[in-house]
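Let's take a walk through this structure together, starting from a single residue and working outwards to the whole assembly. Have your viewer ready.

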Amino acid sequence: MVVLFYIFAALAVIAALSVVAQRTPVYSALSLIVVLCSLAVVYLLLGAEFIAVIQVIVYAGAIMVLFVFVIMLLNAGREVPSHRSRMARWLGAPLVAAFLVEILLAVWQQFPAGSTRPASSLDAAPAAIGHLLFRNYVLPFEVTSILVLVAILGAVVLAKKEF
Amino acid sequence: MVPLAHVLALSATLFVIGAAGFVFRKNIITVFMCIELMLNAVNLAFIGFSRYLGNLDGQLFVFFVIVVAAAEATVGLAIIIALYRNRNTLNIEDLDSMKM
């Protein structure tokens, strides 16, 4: 079980690097699907079965299909490298590395590597999530539905022919 | 059982990769995908803490983040299509003025 976590964590990191490194958007999108699916497995191992299923259906299914659809609709080809900023080339990688090291140091200070709590009985069945969602989080749920409605209307208006 | 620190380390790594892609890439669709990558890194941290604290609230937050990400992807991609119609480019260096 624990070994599976590290295998899929490594897969997620490699695929994430591929998302950033690929020059063609379709390859980036396919790599992102690999990231999302391996994260779904990680969620499964962390005891979040419902979220893992949602991740595959909504993220890897709906959202990424939308991305691939738009990429193919706009016929997005290879990205042409531009050499406008010299500072980005020399400072970029060290700054990214410094950022990562800083976050990792903060994590390690706060939660030393051995700190696992005894697994408290976490009931993550869909029924438990549904109870919590419709008791304690009813208002956010309703607000979310309005947000989705606004998003649909906005997308229709924005994608209209005449602008 | 996986230590929380390792989950958070994976989350931080994915977030930093996404942030780097957001800054370095020139194609607006790739930039958008890097935002999705960062959202997923945050979701992973939520799930890790939910497991660590034995509390379901974190998983509900992930649920809401996924819904918001779906809405964001819809509107964002519609904006990209509208931009492409007007400017005929996906390169963010050519999209540097606010007016259509």
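G77(A) sits in the loop that links α3 and α4 of chain A. Keep in mind as you look at it that this is a predicted model. Is G77(A) buried or exposed? A count of its surroundings finds 13 other C-beta atoms within 10 Å. A residue needs 20 or more such neighbours to be buried and 12 or fewer to be exposed, so G77(A) comes out as partly exposed. Now pick A9(A) as a second landmark: G77(A) and A9(A) are 68 residues apart in sequence, and their C-alpha atoms lie 30 Å apart in space.

Another glycine of this chain is worth a click. G47(A) follows α2(A) and has a positive phi, near 85°. As for α2(A), how does its span fit its number of residues? The helix has 21 residues, and at 1.5 Å a residue it should span 30 Å. The C-alpha atoms at its ends are indeed 30 Å apart, so expectation and model agree.

Stepping back to the whole of chain A, you will find six helices and zero strands, in the order α-α-α-α-α-α along the sequence. Why is chain A described as more spread out than a compact globule? Its radius of gyration is 20 Å, whereas the globule rule gives 15 Å for 163 residues; the value is well over the rule, so the chain is more spread out than a compact globule. Along the principal axes, the C-alpha atoms of chain A fill a box of roughly 55 × 45 × 25 Å. Buried residues make up 25% of the 163 residues in this chain. Of the contacts in chain A with a separation of 6 or more, 56% are between residues 24 or more positions apart.

Chain A is also divided into domain 1 (1-78) and domain 2 (126-163). The centres of these two domains, taken over C-alpha atoms, are separated by 23 Å.

Now turn to the partner. Chain B has three helices and zero strands, running α-α-α from the N terminus on. Chain B, too, is more spread out than a compact globule, because its radius of gyration of 17 Å is well over the 13 Å that the globule rule gives for 100 residues. Its C-alpha atoms fill a box of roughly 50 × 25 × 15 Å along the principal axes. Of its 100 residues, 51% count as buried. Among contacts in chain B between residues at least 6 apart in sequence, 47% join residues at least 24 apart.

How many residues of each chain take part where the two meet? In chain A there are 72, in contact with 61 residues of chain B. On the chain A side, the elements that give two or more residues are α1 (2-21), α2 (25-45), α3 (49-74), α4 (86-110), α5 (126-135) and α6 (138-158). The largest share, 11 residues, comes from α3(A). By character, the residues on this side divide into 59 nonpolar, 10 polar and three charged.

Finally, a look at confidence. The predictor gives the complex an ipTM of 0.92 and a pTM of 0.90. Chain B averages a pLDDT of 90, with 98% of the residues scoring at least 70. Among the elements of chain B, α2 (residues 28-53) has the highest mean pLDDT, 93, and α3 (residues 57-87) the lowest, 91.

Terms used:
Residues are numbered from 1 along each chain as its sequence is written. Chains are lettered from A and ligands numbered from 1 in the order in which they are written. This is a predicted model: local features need pLDDT of at least 70, side-chain atom pairs count only at pLDDT 80 or more; totals for chains, interfaces and linings use all residues. Domain bounds come from an automatic or database domain assignment. Two residues are in contact if their C-beta atoms, placed from the backbone, lie within 7 Å. Helices (H or I, at least four residues) and strands (E, at least two) are DSSP runs, numbered from the N terminus. Ala, Val, Leu, Ile, Met, Phe, Trp, Tyr, Cys and Pro count as nonpolar, Asp, Glu, Lys and Arg as charged, and the others, Gly among them, as polar. The expected span of a helix is 1.5 Å times one less than its number of residues. pLDDT is the predictor's confidence in each residue, from 0 to 100. The radius of gyration is taken over C-alpha atoms; the globule rule is 2.2 Å times the number of residues to the power 0.38.
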